[in-house]
Amino acid sequence: MMFWKRFFGVLTARNLEFWRDKESLSWNLLFPLVLVVAFAFLFDSDDRTLVTVGVIQEAQLSQEISQREQTEQREQTEQREQTEQREQTEAVASANSQEIFVPELASLDFVEQVIYEDREQALRRLQQHQLDLVIAPGEQRYWLNESSPGSALAAELLSARSDNYAQEILSGQALRYVDWVLPGILAMNLMFSCLYGVGYVIVRYRKNSVLKRLQATPLSAFEFLLAQVVSRVWLVLATLIIVYLICNAIFSFVMEGSYLLLILLAFVGSVCVSALGLLIAARTRSEELSRGLLDFIAWPMLLLSGVWFSLDSSPEWVQQLAQIFPLTHLLDAARAVMFDGAGLAEIFPQIVVLIGMTLLFLLVGARLFRWVGDGR
Amino acid sequence: MESTHKMPILSTRGLTKTYDGVNVVDKLDLDIPEGICFGLLGPNGAGKTTTIEMLEGILPPNAGTILYRGEPVDKHFFQKVGIQFQHTALPDFLKVNDVLNLFSRFYDQPMNRDELIAWCNLEDILERDHRKLSGGQKQRLLLALALMNDPDLLFLDEPTTGLDPQARRNFWELVRSVRSRGKTILLTTHYMDEAEQLCDEIAVLDKGTILTQGAPRTLLNQHFKGALIRIPVGNFAAKAIPPEFAGAEQKGDFMQLQATQVDATLSELIASGVSLNGLQVESATLDDLFLKLTGHELRGE
């Protein structure tokens, strides 16, 4: 009873602070908006010169594919979002498994063939204009996207060379870079807001003795910290939703999955990053040190968790390293929901990892926490 | 120890705090009786704040014990005491009203809000951002926060440092009204007049140890007999300084002497024909006491 009274006392005070700090509040909203718009225009041109064809690999045939090829294929199918990188990896793939491609198109240098084991995935790529054509050689069928000019061209090309294939027609809007980068920018905003909004604020309050004043009351550290996290998380969620809605009105983003699931992810992710902020702010009363520590966490996370570009073609050790960042898991899951329509079951592993990290950060952070802190 | 058979509200034995191998507070024994205003007096760096923060339960001591009503201090202690720090801040962007709301939610039984507001004179500033308060207003708000739980024991760490004389007097009035409600007050100060005005008992602290302890008047009477007599130097012109005044020293335009028997000294001066125009007779202050005890000025360094 007293617990909630004290908790809500701090929560209310913190929310008043956010609300009255109009400058920070508007910057919180404006910054991600500006970024999304800037990226939409900066990376607008999608000048692919090649025709890219997805080839659905039959189950029987796939057993013949070597272990190595399977790995490459998985990498390849996961990285369809990135035009530049795709060209590179797909070239490797086509060199390695020549036999299983569509023979009618094999002689054409400007046609890239990409193997897909998962038909659903290949068709979704086609709908999102990542592929121009999907061919299932075993069934003598191909799919084209009627809303993509490249798709019509590729279909013409195939029917000129062979009339053995039956045609199926799909439609769907293109997956642009802005679609792909949107979750990255939102996640970046979430990360900065939670890390600095929780971590830096606590250190500042420790330095100017607000925490000392609060310590001299029956308020417990847990009540105080919980209120900090909750106030920040709901602010971040509100910001993300508003930014998404505004940007969506301009760009109408690709969204294959459930919005509720996306909000759940944003919630779990922001709690996790806030807990990381608490951990960093557990002891120090030096704003300089905490800023350094926060930067030390934030910038590598920004570069290595797939905010701006996919890590699929990065060296193995980079990909392994990226697993330590909460943002990597958050973005994997968010993009799966948005572009592949993944359900709760598919993103469950990422949610478990995020919750696990949260518990770890909270446990260690609570042990280390001091009101007054080191360096008196 | 002398007369109190009642249990002290707060007592320490061997209280010690060490920074970098130096005992900032050195084996302090204190007994603070209930219902009085107790002053910790000393220059900056004497260990006042360190001592009071250990007593408040904010700073863990390196050695020694602290007992509140005979029991060790725990987190529940904060329900029963009020604390006003020397340097403190409140969360940004909050109005006085919001700050009172915030702190009232921390306590099981907060004081009646209107009563507290009236007590601390906060009616006119309730809607003001606490960062825009004057020094005196801010101290009154902080005092209201310290009184929020209607505490038995109130800690005030240098409460009037930096205030103008008017604001200091107002604050003293508030402290007296707290005292008149039967609460125990423990305050630190480096202002002598503040200690003389407010405290029933003082402990003079220097380099982490207590030099002397008792009621201010008693201490002064113990250490200073008589009074300080000051006579303008000109009054002695063309006259030999009488033997009674031989121990006097010149300070500026005055000769001054610590006289044990004031009336005897004065009548001897008259007898030797020295004019008493411009005569000043001063009783010793706590400043003088401190100087006498330590050999250095209270506000020195």
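**Notebook: the A–B contact, chain B and A:L170**

I began with the contact between the chains, which takes 20 residues from chain A and 22 residues from chain B. A reminder to myself: this is a predicted model.

Next I looked up which elements of chain A give two or more residues to the side that touches chain B, and I found α1 (2–20) and α10 (210–215). Of the elements on that side, α1(A) gives the most, with eight residues. I also sorted the residues of this side of chain A by character: eight are nonpolar, five polar and seven charged.

Then I turned to chain B as a whole. I noted 10 helices and 14 strands there. Along the principal axes, its C-alpha atoms fill a box of roughly 75 × 45 × 40 Å. Chain B has 301 residues, and buried ones make up 36% of them. I checked the contacts in chain B between residues at least 6 apart in sequence, and 73% of these join residues at least 24 apart.

My last stop was A:L170, which I found in strand β5 (residues 166–170) of chain A. Why does A:L170 count as partly exposed? I found 16 C-beta neighbours inside 10 Å, and a residue is buried only from 20 or more and exposed at 12 or fewer, so A:L170 falls in between.

Leaving out residues up to four places away in sequence, I listed what A:L170 touches: A:L123, A:L126, A:Q127, A:W143 and A:N145. I also looked up A:S148, which is 22 residues from A:L170 in sequence, with 9.8 Å between their C-alpha atoms.

Conventions: Residues numbered from 1 in each chain as written. Chains lettered and ligands numbered in written order. Predicted model: local features only at pLDDT ≥ 70, side-chain atom pairs only at ≥ 80, totals over all residues. Helix = DSSP H or I, 4+ residues; strand = E, 2+ residues; numbered from the N terminus. Contact = placed C-beta atoms within 7 Å. Nonpolar A, V, L, I, M, F, W, Y, C, P; charged D, E, K, R; others polar.
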